[in-house]
Amino acid sequence: MTPFGDRMRKLRAERGVTLKEMAEAIGVSSAYLSALEHGKRGRPGWHLIQRILTFFNVIWDEADEVVRLARISHPRITIDTAGLNPKATELANRLADDIGKLDAATLDELLASLGRQRRRPKG
């Protein structure tokens, strides 16, 4: 399941909406919506995201968060490390090999480390 799919599922549960009801309301098949939630389809396009936000009446910060989750929810990614430090290539390959073996605590730790790196001042 992708971060976006997880959030959609939680929104549906909070509002007591079935997958079929949501799919009909936003104009997609329930099979497609299920595949999107489970990470079997690529991230949704902008127009679909807008229909989902409207369906759930999501606005402001919560809408920004849903859009952010959609952006980081492509289930099959490619990392181009050409021209980067050899350690970047090693990291990308090790993640590709081992990501399925990492527990939730390790994933949280890695995400926190990347978040700290992103917030560091440039210079």
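L91 lies in helix α6, and in this predicted model that residue belongs both to the lining of a pocket and to a nonpolar patch on the surface.

The pocket in question is the second largest, which is lined by K87, E90, L91, R94, L95, D98, L102 and L110. Helix α6 supplies the largest share of this lining, with 6 residues. By class, the lining of the second largest pocket has 4 nonpolar and 4 charged residues, and no polar ones.

The largest pocket is lined by 30 residues, and of these I77, L95, I99, L111 and L114 lie nearest its centre. The elements that give two or more residues to this lining are α5 (60-71), α6 (86-98) and α7 (104-119), with the largest share, 9 residues, coming from α7. L95 therefore appears in two linings, because a residue counts as lining when it has an atom within 4 Å of a pocket point: L95 is named among the residues nearest the centre of the largest pocket and among those that line the second largest.

The two pockets are set side by side below.

| Pocket | Volume | Lining by class |
|---|---|---|
| Largest pocket | about 1600 Å³ | 17 nonpolar, 7 polar and 6 charged residues |
| Second largest pocket | about 170 Å³ | 4 nonpolar, no polar and 4 charged residues |

On the surface, L91, L95, I99, L107 and L110 form a nonpolar patch whose accessible area together is about 400 Å². The elements that contribute two or more residues to this patch are α6 and α7. Among the patch residues, L91, L95 and L110 also line the second largest pocket, while L95 and I99 are among the residues nearest the centre of the largest pocket.

How values were computed. Residues numbered from 1 in each chain as written. Predicted model: local features only at pLDDT ≥ 70, side-chain atom pairs only at ≥ 80, totals over all residues. Heavy atoms only, no water. 1 Å grid on protein atoms, 1.4 Å probe; cavity = no way out; pocket = protein on both sides within 12 Å on 5 of 7 lines; lining within 4 Å. Points joined across faces, edges and corners; volume = space filled by probe spheres on them. Helix = DSSP H or I, 4+ residues; strand = E, 2+ residues; numbered from the N terminus. Nonpolar A, V, L, I, M, F, W, Y, C, P; charged D, E, K, R; others polar. Patch = residues over 30% accessible without salt bridge, like charges linked within 9 Å, V, L, I, M, F, W, Y side chains within 5 Å. Areas by Shrake-Rupley, 256 points an atom, 1.4 Å probe, with all protein chains shown as cover. Salt bridge = Lys/Arg side-chain N within 4 Å of Asp/Glu carboxyl O.
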